[in-house]
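The following note is offered to a colleague who has the sequence and the coordinates at hand. The points are numbered so that each can be checked against the structure in turn.

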Amino acid sequence: MTDIATRTWEGMTIPVAGTYLLDQSHKRIGFLSRHMMVSPVRGEFAEATAQIFVAEDPLLSSVTATIMSASITTGSVDRDTHLKSADFLDVERFPTLEYRSTGIKWQGNEDPIFQWARLRNHRLGGRGRSHIVPPQSDGFAGRFVLTGELVVKGITRAVDLEVNFGGARRDPYGQNIFGFSATADINREDYGLLWNVVLESGGVLVGKTVQIEIAGEAIHQA
């Protein structure tokens, strides 16, 4: 293959324009909630597809994704059965969750820890060159906010994903790929997932806030 796999934008190496599909071997569509108000419970959806259109202008790119609701798994058969029931996802009536982006915003290509350190050193002042923060490492690419709409149980709500772009390259099999991770917080009650138990000691059995945790690679389609 002799075609160019990447290009440069805002000092980053990014993928060439085109259509990319989520690599099924390198993905995690995960989430985290709290049990009894104290302990985190993680889970994921094992089956999901996503199509990413990378535009010539990266800020005009778009994403659509479909998640199979019945593929939810948390490591507990009883809990998974309950999550698939009408109390929660009601997978028989609503077999998929859908996400569609509506825009993308560039947040910069500096690791936030360096930004914090620069501000801290600026406030201290006068400490000499030993306090100069080293330049950004090549391993960090850039940050975006992906605005979009998430559909759960037929209910649509705006959800913005904080996206870390991991970089782009050609893999050993000659495929053009790029990597990413993304996070967001949602209130499950916004989607009609209302089931809960009030605890005698205060609080509820299942937390209302769900943290979305996504990671993956996307492969360019010829």
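1. Leu 59 counts as partly exposed, because its relative accessibility is 31%, a value between the 20% and 50% cut-offs. The residue belongs to the loop that connects strand 5 (48-54) with strand 6 (62-68). Not counting residues up to four places away in sequence, Leu 59 touches Trp 9, Ile 104, Lys 105, Trp 106 and Phe 144. Its C-alpha is also 9.7 Å from that of Leu 146, although the two leucines are 87 residues apart in sequence.

2. The reader should bear in mind that this is a predicted model. The mean pLDDT of the protein is 85, and 78% of the residues score at least 70. Residues 124-139 call for separate attention: pLDDT stays under 50 over this stretch. For these residues the model has 14 contacts beyond four places in sequence.

3. On the overall architecture, the protein has two helices and 12 strands. Along the sequence they follow the order β-β-β-β-β-β-β-α-β-α-β-β-β-β. Among contacts with a separation of 6 or more, 64% are between residues 24 or more positions apart. The accessible surface comes to about 12,900 Å², and carbon and sulfur atoms contribute 54% of it.

4. Of the 222 residues of the protein, 41% count as buried. In soluble globular proteins, nonpolar side chains tend to be buried together. Here the largest nonpolar core has 44 residues. Those with the most contacts inside this core are Phe 45, Ile 52, Leu 150, Leu 161, Phe 165, Phe 178 and Phe 180.

5. Which residues does Leu 150 contact, leaving aside its neighbours within four places in sequence? On one side of Leu 150 in the sequence are Glu 98 and Tyr 99. The other partners of Leu 150 are Ile 155, Thr 156, Arg 157, Val 159, Ile 186, Tyr 191 and Ile 212.

6. The count of salt bridges comes to seven. One of them is formed by the side chains of Glu 213 and Arg 28, with an N to O distance of 3.2 Å. Glu 213 lies in strand 12 (residues 209-220) and Arg 28 in strand 3 (residues 18-35), so this pair ties together parts that are 185 residues apart in sequence. Glu 213 counts as buried, because its relative accessibility is 16%, whereas Arg 28, at 25%, counts as partly exposed.

7. Glu 213 also meets the side chain of Arg 42 in a salt bridge, at 2.8 Å from N to O. Because Arg 42 lies in strand 4 (residues 39-45) and Glu 213 in strand 12, this pair ties together parts that are 171 residues apart in sequence. Arg 42 has a relative accessibility of 47% and therefore counts as partly exposed. Arg 28, Arg 42, Glu 44 and Glu 213 are linked in a network of salt bridges.

8. Strand 1 (residues 6-9) and strand 2 (residues 12-15) run antiparallel and are joined by four bridges. Within this pairing, the bridge partner of Arg 7 in strand 2 is Ile 14. The two strands form a hairpin with two residues between them.

9. Most residues other than glycine have a negative phi. Glu 10 has a positive phi, near 50°, and is found in the loop between strand 1 and strand 2. With 46% relative accessibility, Glu 10 counts as partly exposed.

10. Is Asp 90 buried or exposed? Asp 90 is buried, because its relative accessible area is 11%, which is under the 20% cut-off. Asp 90 is found in the loop between helix 1 (77-84) and strand 8 (96-108), and its phi is positive, near 50°. Asp 90 also forms a salt bridge with Arg 93, the closest N and O atoms being 3.5 Å apart. Arg 93, by contrast, is exposed, with a relative accessible area of 60%.

How values were computed. Residues are numbered from 1 along each chain as its sequence is written. This is a predicted model: local features need pLDDT of at least 70, side-chain atom pairs count only at pLDDT 80 or more; totals for chains, interfaces and linings use all residues. Side-chain values use heavy atoms; hydrogens and water are left out. pLDDT is the predictor's confidence in each residue, from 0 to 100. Contact means heavy atoms within 4.5 Å. A nonpolar core is a set of buried Ala, Val, Leu, Ile, Met, Phe, Trp, Tyr and Cys residues joined through side-chain atoms within 4.5 Å. Buried means under 20% relative accessible area, exposed over 50%, partly exposed in between (1.4 Å probe, protein chains only). Accessible areas come from the Shrake-Rupley method with a 1.4 Å probe; for residues, only the protein chains shown count as cover. A salt bridge is a side-chain nitrogen of Lys or Arg within 4 Å of a carboxyl oxygen of Asp or Glu. Two strands pair if DSSP finds at least two bridges between them.
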